[in-house]
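Subject: A structure for you to look at

Hi there,

Here is the structure I promised to pass on to you. Have it open while you read, and turn it around as you go.

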Amino acid sequence: MRGDAGDKRLAGAVRAGGPDAVVDRAPKQWGLAARGALVESGGPALVTADLDCRESVWTELAPKLYAQAAAGQWDPASAIDWTAPCDLPDEIEDAVVQVMTYLVENEQAALMVPSRFLARIHPHFREVVQFLATQVADEARHVEVFTRRAWLRGGPLGVSGAGGRASLQTLLDEPEWATASFLLSVLGEGTFLALLAFLERAAPDPVTRQVARLALQDEARHVAFAMGHLGEQLRADPGMRDRLRAAVERRHDALARTAGLAPAVHDALVVLAAGSWTPAAVASGWTAVQGLQADMDEGRRRRLVHLGFSERDAADLSALHTRNFM
Ligand SMILES: [Fe+2]
Ligand SMILES: [Fe+2]
């Protein structure tokens with residue numbers, strides 16, 4: 001057979017699956033070998049790649065979503081018109097800066113969580129690793145563009161609330177890939193889809209509108225990936241639903257004594273929706289932010305039902321999701 005035969009040194013070598021065929025469990029002895037390679041025996045075991053089961057890692061969507069992600073990478077320098085007019089009243093600019101300050105810390109968490117698991121996924125599941133690498137790169141761009149918009153008029157930046165950071169810390173502390181992905185991507189980034197769409201609509205200047213729109217496109221992909229891999233896992237292991245539910249409850253209990261969303265962030269969203277400080281505008285801005293929170297809840301419930309939770313459980317879990325949104 002071409003590539004295998006006639007070489008005594010390769011006695012005992014094994015094929016690491018096929019180029020398009022992932023195996024149920026990738027042996028650590030295959031190490032860094034390409035999927036489909038003829039793996040000579042005797043090399044080091046990749047003991048750090050403990051996420052090595054197809055059932056807990058793979059999604060059939062991975063190759064397609066990775067290709068979309070690779071094609072969808074945008075350049076912050078050219079995708080956004082940083083010279084567009086941005087001559088806002090001070091209180092509106094302050095609100096934009098406050099929201100950007102909040103977004104940056106959320107993006108930092110969204111970058112760190114997949115990074116922690118990326119190196120633990122067996123490289124046999126190549127497209128999953130590649131997808132997560134693009135997700136991390138996406139978050140790096142989001143950190144950049146939100147930071148850059150925040151400093152566009154020279155700062156200073158807004159408040160970083162202790163409650164918000166406590167909420168994000170619980171994501172960083174989540175030890176399991178499935179629960180971390182569920183909390184971050186299905187519930188958190190899913191909630192951010194509504195937030196970014198709201199910011200795109202309410203944006204008082206072109207740069208804010210553009211950064212919200214570009215981040216929203218990327219986040220939709222992150223949510224789709226998590227829905228894909230968790231959906232396939234739940235079909236194979238329906239009992240995992242109880243572990244996901246417990247993770248939401250645990251996180252809720254851990255955050256019960258924290259403030260959740262910083263009041264400064266909530267007020268900034270109201271101001272952006274209001275567009276001005278007249279009492280009538282602020283009242284309509286407040287109503288718009290209530291509507292945003294209803295949209296967020298509706299989206300979370302829809303995704304939970306899609307993952308096989310009952311309507312009742314979906315409503316309960318959505319209500320327990322962090323008030324910090326992510
Ligand atoms: Fe992001
Ligand atoms: Fe994301």
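Below is what was found in it, from the overall build down to single residues.

**The overall build**

Please keep in mind that this is a predicted model. The protein has 12 helices and 2 strands. Starting at the N terminus, the two strands come before the helices. Taken along the principal axes, the C-alpha atoms fill a box of roughly 85 × 45 × 30 Å. There are 326 residues in the protein, and buried ones make up 50% of them.

Contacts tell you how the chain folds back on itself. Among contacts between residues at least 6 apart in sequence, 78% join residues at least 24 apart. As for the surface, the protein exposes about 14,500 Å², and carbon and sulfur atoms supply 57% of that area.

**The iron site**

Which residues hold the iron ion (ligand 2)? The iron ion (ligand 2) is coordinated by Glu139, Glu189, Glu219 and His222, at 1.9 to 2.7 Å. Glu219 appears twice in the list of donors, each time through OE, while His222 uses ND1. Along the sequence, the donor residues follow the spacing E-x49-E-x29-E-x2-H.

Now look for the other iron ion. The iron ion (ligand 1) and the iron ion (ligand 2) are 3.6 Å apart, and Glu139 coordinates both. Glu139 lies in helix H5 (residues 126-150) and Glu219 in helix H8 (residues 206-236), so this pair ties together parts that are 80 residues apart in sequence. Are these two residues buried or exposed? Glu139 has a relative accessibility of 0% and counts as buried. Glu219 is buried too, with a relative accessible area of 0%.

While you are in this region, find Gln135, which is also placed in helix H5. Gln135 counts as buried because its relative accessibility is 2%, and buried means under 20%. Leaving aside residues up to four places away in sequence, Gln135 touches Pro114, Ser185, Glu189 and His222. Glu189 and His222 should be familiar by now, as they are among the residues that coordinate the iron ion (ligand 2).

**Charges and salt bridges**

Side chains of opposite charge can pair when their charged atoms come close. The protein has 34 positive and 42 negative charges, and their mean positions are 5 Å apart. The count of salt bridges comes to 23.

A good one to start with is the salt bridge between the side chains of Glu127 and Arg35, at 2.9 Å from N to O. Glu127 lies in helix H5 and Arg35 in the loop between strand S1 (14-15) and strand S2 (38-39), so the pair ties together parts that are 92 residues apart in sequence. Both Glu127 and Arg35 are buried.

Glu127 also forms a salt bridge with Arg126, where the closest N and O atoms are 3.5 Å apart. Glu127 has a relative accessibility of 8%, whereas Arg126 counts as partly exposed at 36%.

Another salt bridge joins the side chains of Arg245 and Asp313, at 2.6 Å from N to O. This pair links distant parts of the chain, with Arg245 in helix H9 (residues 240-254) and Asp313 in helix H12 (residues 311-320), 68 residues apart. Asp313 is partly exposed, with a relative accessible area of 23%.

There is a network of salt bridges to trace as well: it links Asp90, Glu93, Arg149, Arg153 and Asp205.

**Two more residues to visit**

Gln233 is placed in helix H8. Gln233 is buried, with a relative accessible area of 5%. Its contacts, not counting residues up to four places away in sequence, are with Glu55, Ser56, Ala178 and Met240. How far is Gln233 from Arg209 in space? The two are 24 residues apart in sequence and 36 Å apart from C-alpha to C-alpha.

His266 sits in helix H10 (residues 263-274). At 18% relative accessibility, His266 counts as buried, because the cut-off for buried is under 20%. His266 touches Leu261, Trp286, Val289 and Gln293, again leaving out residues up to four places away in sequence.

Enjoy exploring, and write back with any questions.

Best wishes

Technical notes:
Residues are numbered from 1 along each chain as its sequence is written. Chains are lettered from A and ligands numbered from 1 in the order in which they are written. This is a predicted model: local features need pLDDT of at least 70, side-chain atom pairs count only at pLDDT 80 or more; totals for chains, interfaces and linings use all residues. Side-chain values use heavy atoms; hydrogens and water are left out. Donors are N, O and S atoms within 2.8 Å of the metal (3.2 Å for Na, K and Ca); water is not among the atoms, so sites may look incomplete. Helices (H or I, at least four residues) and strands (E, at least two) are DSSP runs, numbered from the N terminus. Buried means under 20% relative accessible area, exposed over 50%, partly exposed in between (1.4 Å probe, protein chains only). Contact means heavy atoms within 4.5 Å. Accessible areas come from the Shrake-Rupley method with a 1.4 Å probe; for residues, only the protein chains shown count as cover. Lys and Arg count as positive and Asp and Glu as negative; His and the chain ends are not counted. The place of a charge is taken as NZ of Lys, CZ of Arg, CG of Asp or CD of Glu. A salt bridge is a side-chain nitrogen of Lys or Arg within 4 Å of a carboxyl oxygen of Asp or Glu.
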